[in-house]
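Hi,

Here is the structure I promised to pass on. Have a look at it first, and then read my notes below.

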Amino acid sequence: MTSDEDIGEEPGGRTLVAEYVLGLLDTPTNERVRRAIEDDPRLQREEAFWRARFSALDNEFAEETPPAHVGSGVEARLFGEDRPAGFWPTLWNSLPLWRGLAAGALAVAVVAAGISLTRMTPSTPTELAVALVAALEEEGSDVRFLALYDPEDGMLRLTGLSGTPGTDEDFELWAIEEDGQPVSLGIVEAGSHNMVRMPPAASAEWGEGSVLAITLEPEGGSPTGQPTGPLMARGVATPI
Amino acid sequence: METPSGDIADLIGRIALGERAAFRVLYERTSAKLFGVTLRILKNRAEAEEALQEIYVKVWRRADRYVPGTTSPISWLVAVARNHCLDILRARRPVADDIDVALEIPDAAPDPEASALAGGERARIEACLAELDAARAEAVRGAYLDGFSYEELANRHGVPLNTMRTWLRRSLLRLRECLTR
């Protein structure tokens, strides 16, 4: 069975796992094969077979030392260290940048969280108090939270949709106003419902356009009272 | 730059426990290799640098998924890097209107023990690739090492897309037959 004549018929699905390992499949087929492998130990062996055999070619990837900023960038993303001085103030002050977040994500997140919005509507439209919603996310991070602010009780309800901190780490929530100064709203639990009372320092300015952000901090929260870890998710408060 | 794979496996184990010092050593010892992977597949320096950062973030978060003994630790790291680059490229490619063929396994499933032998397998895969027609072997290598799509391979080899698909699939069957011989 070593000539093309012997394999006259189309290989069909018999090469799909090898094509998957090579990266030749388009997105839907790739996903289909990935899920099939997850569910079938025989396909897992087939995948391991191809990965092991092809990995014998790995020494053809020529080594090249990456520039130093790549390594410090990884550190900054993971541990919030070695970042250039002034990085945080610049980022936190850039409200226009923060507002660039796609508003479409809000609707999706609200539906995903299954939250009733009607209950959140203020009783009198003329009241200054407005119900707000914010979908917190960040490119390159799997951390997603949905935040709802109920003006009736002044509480912020925060639901973790995805992402978990590492061991010895916590997610810390921040409110950022027009002046760009982050105010800590405390530690929030991943994958859980959190009730957060807006502290006076934050609630005076709190409203439409305010930004909520989540950073990864050492266990127990930032030791300095200001964000020290990488930004994991952020979102702009929008009236509903 | 060569590091015994036992050391790398140990570093990955310590990273899974959240040890930052181990992560820094791993980066020092392996980033040149993984940068080689991102450069070769993405073929764009800025993208390769960005991808390398994302890959090490993944390594930090997924270190607990590495199972020592099943795969050499360097192969595992290269696979994380290669898959990340392929995901980037795949997202830019059009969806082929391919038929939903059912997954099959060619014949007796390969010996799972064999998958641990990557280091000594180079001569074997080279010998089996040499049994293929030279252009077809080159297409297989281009898919693995450069992340070329069927369309890119068809253009490079000057054959229609469907011909390339058939070439490659038949080559993979013959390769498998040779590698399990």
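Start with residues 81–128 of chain A: this is a predicted model, and pLDDT stays under 50 over that whole stretch. The model still has 49 contacts beyond four places in sequence for those residues, so to speak, but please read them with that low score in mind. The other stretch to treat this way is residues 1–9 of chain A, where pLDDT is also under 50 and the model has 8 such contacts.

How do the chains score overall? Chain A averages a pLDDT of 75, with 72% of its residues scoring at least 70. Within chain A, helix α5 (residues 87–93) has the lowest confidence, a mean of 38, while helix α1 (residues 16–22) has the highest, at 95. Chain B has a mean pLDDT of 87, and 85% of its residues reach 70 or more. In chain B the lowest helix is α1 (residues 5–16), at a mean of 88, and the highest is α6(B), at 97. For the complex, the predictor gives an ipTM of 0.90 and a pTM of 0.60.

Now to where the chains meet. On the chain B side 61 residues are in contact with 54 residues of chain A. Helices α2 (20–42), α3 (45–62), α4 (73–92), α5, α6 and α8 of chain B each give two or more residues to that side, and α2(B) has the largest share, with 10 residues. What are the residues on this side of chain B like? They divide into 34 nonpolar, 9 polar and 18 charged.

The largest nonpolar core has 36 residues, and those with the most contacts inside it include A:V17, A:V21, B:A139 and B:L153. Both chains feed it: α1, α2 (27–39) and α3 (41–55) of chain A, and α5 (122–131), α6 (134–146), α7 (150–157) and α8 (161–179) of chain B, each supply at least two residues. The biggest contribution is from α8(B), with 7 residues. If you click on B:L153, you can find it touching B:A139, B:G142, B:A143, B:F148 and B:M164, leaving aside residues up to four places away in sequence.

Last, the sheet in chain A. Five strands form an open, antiparallel sheet in the order β6-β3-β2-β1-β9. Why do β6 (193–197) and β9 (238–239) each have one side without a neighbour in the sheet? They stand at the edges and each has a single partner strand, so nothing in the sheet sits on the other side. For β9(A), pairing with β1 (residues 132–136) is antiparallel over 2 bridges, and A:L132 has A:P239 as its bridge partner.

Cheers

Terms used: Residues are numbered from 1 along each chain as its sequence is written. Chains are lettered from A and ligands numbered from 1 in the order in which they are written. This is a predicted model: local features need pLDDT of at least 70, side-chain atom pairs count only at pLDDT 80 or more; totals for chains, interfaces and linings use all residues. pLDDT is the predictor's confidence in each residue, from 0 to 100. Helices (H or I, at least four residues) and strands (E, at least two) are DSSP runs, numbered from the N terminus. Two residues are in contact if their C-beta atoms, placed from the backbone, lie within 7 Å. A nonpolar core is a set of buried Ala, Val, Leu, Ile, Met, Phe, Trp, Tyr and Cys residues joined through C-beta atoms within 7 Å. A residue is buried if 20 or more other C-beta atoms lie within 10 Å of its own, exposed if 12 or fewer, and partly exposed in between; C-beta atoms are placed from the backbone. Two strands pair if DSSP finds at least two bridges between them. Ala, Val, Leu, Ile, Met, Phe, Trp, Tyr, Cys and Pro count as nonpolar, Asp, Glu, Lys and Arg as charged, and the others, Gly among them, as polar.
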